[in-house]
Amino acid sequence: MPVSLTFDDGPEPRWTAAVLDALGEAGARATFFVLAAKAAREPALVARALAEGHEVGLHGDRHLRHTEHDRATIEADTDAALRRLDVLGVQPTLWRLPWGRAAVWTPDVARERGLRIVGWDADTHDWRGDAAAAMLDAVAADLRDGCIVLAHDGLGPGATRDGCGETVALVGALARLAAERGLGCVPVGENDAVPA
Ligand SMILES: [Zn+2]
């Protein structure tokens with residue numbers, strides 16, 4: 001009976017480290033959908049996430065909206081990301097699309113690279129800068145077996161906050177609420193309640 005906490009748009013030195021600390025204190029493991037251009041600058045954070053039992057998936061190299069670019073551009077971005085992650089010892093199988101937006105050809109691009117597109121069931125909207133308590137209230141009703149929770153350990157292009165402190169504060173509260181409901185926190189790839 002697990003849920004999966006997911007974090008997009010990192011890694012970033014301050015916030016990813018703090019999210020990892022919070023996950024460790026909560027005994028929770030999660031999935032980080034990284035921007036590979038950032039990951040290449042933070043190899044130690046990627047290594048730490050893996051060493052602590054978390055999963056690293058693909059978000060993109062840059063943060064491109066598939067519906068605003070042609071297929072060749074997205075293929076080039078995706079392949080660049082996969083090359084950078086391979087250098088870090090990461091061969092992702094899961095892909096969270098920037099803004100969750102697919103073009104008609106996105107599923108083919110994913111299939112050709114052995115990537116499974118992963119959405120979410122509960123959105124913390126943490127990029128807006130909401131307080132942790134408000135975010136917990138907003139996702140509480142959806143926190144059930146198989147639920148994928150969307151949050152961010154980095155500041156993406158649409159973020160209207162200047163840090164991820166409230167997300168860090170949310171991690172422990174989410175893990176506690178999940179535990180009260182008999183739910184563990186495991187990476188998406190290990191969550192048997194998520195349809196493959
Ligand atoms: Zn993003």
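This section describes the zinc site, cysteines, aromatic contacts, cavities and backbone features of a predicted model.

The zinc ion is bound through three protein residues: Asp9 by OD, His59 by NE2 and His63 by NE2, with the donors lying 2.1 Å from the metal. Along the chain, these donor residues follow the spacing D-x49-H-x3-H. Asp9 belongs to the loop between strand S1 (2-8) and helix H1 (13-26), whereas His59 is part of strand S3 (residues 55-60), so the pair ties together parts of the chain that are 50 residues apart in sequence. Both Asp9 and His59 are buried. For Asp9 the relative accessible area is 5%.

The loop between S1 and H1, where Asp9 is found, also shows two backbone features. Most residues other than glycine have a negative phi, and most peptide bonds are trans. Asp9, although not a glycine, has a positive phi of about 80°. The peptide bond joining Gly10 and Pro11 is cis, with omega at about 0°. Pro11, like the zinc donor Asp9, is placed in the loop between S1 and H1. A positive phi also occurs at His125, a residue other than glycine, where the angle is near 50°. His125 lies in the loop between strand S6 (122-123) and helix H6 (132-140). With a relative accessibility of 27%, His125 counts as partly exposed, whereas Asp9 is buried.

The structure holds 1 aromatic pair. This pair is formed by Phe7 and Phe32, whose rings are stacked, with 5.4 Å from centre to centre and 25° between the planes. Phe7 is in strand S1 and Phe32 in strand S2 (residues 31-35), and the contact therefore ties together parts that are 25 residues apart in sequence. Phe7 counts as buried at 3% relative accessibility, and for Phe32 the value is likewise 3%, which also counts as buried. A further contact with a ring involves Arg65 and Trp99: the charged end of Arg65 sits over the ring of Trp99, at 4.1 Å from the ring centre.

A search of the whole structure for cavities of 30 Å³ or more returns 3 of them. Rolling a probe the size of a water molecule over the atoms shows where empty space is left. The largest cavity has a volume of about 60 Å³. Its lining is made up of Pro11, Thr16, Phe32, Val34, Leu45, Val46, Ala49, Val56 and Asp153. Among these residues, Pro11 follows the cis peptide bond from Gly10, and Phe32 is a member of the stacked aromatic pair with Phe7. Strand S2 and helix H3 (43-51) each supply at least two lining residues of the largest cavity. Helix H3 gives the largest share, with 3 residues.

Helix H3 also contains Ala44. Ala44 is exposed, having a relative accessible area of 59%. The C-alpha atom of Ala44 is separated by 9.4 Å from that of Pro13, a residue 31 positions away along the chain. The loop between helix H2 (36-39) and H3 holds Arg41, which is also exposed, at a relative accessible area of 58%. Between the C-alpha atoms of Arg41 and Val109, which are 68 residues apart along the chain, the separation is 26 Å.

The count of disulfides is 0. For Cys147, the closest cysteine sulfur is that of Cys185 at 9.9 Å, which is too far for a bond because a disulfide requires sulfur atoms within 2.5 Å. Cys164 is likewise in no disulfide, the nearest cysteine sulfur, again that of Cys185, being 19 Å away. Cys147 counts as buried at 3% relative accessibility, and Cys164 counts as buried at 0%.

Conventions
Residues numbered from 1 in each chain as written. Predicted model: local features only at pLDDT ≥ 70, side-chain atom pairs only at ≥ 80, totals over all residues. Heavy atoms only, no water. Donors = N, O, S within 2.8 Å, 3.2 Å for Na, K, Ca; no water. Helix = DSSP H or I, 4+ residues; strand = E, 2+ residues; numbered from the N terminus. Buried < 20%, exposed > 50% of the residue type's maximum accessible area, 1.4 Å probe, protein only. Phe/Tyr/Trp six-rings, centres within 6.5 Å; stacked < 30°, edge-to-face > 60°. Lys NZ or Arg CZ within 6 Å of the ring centre and 35° of its normal. 1 Å grid on protein atoms, 1.4 Å probe; cavity = no way out; pocket = protein on both sides within 12 Å on 5 of 7 lines; lining within 4 Å. Points joined across faces, edges and corners; volume = space filled by probe spheres on them.
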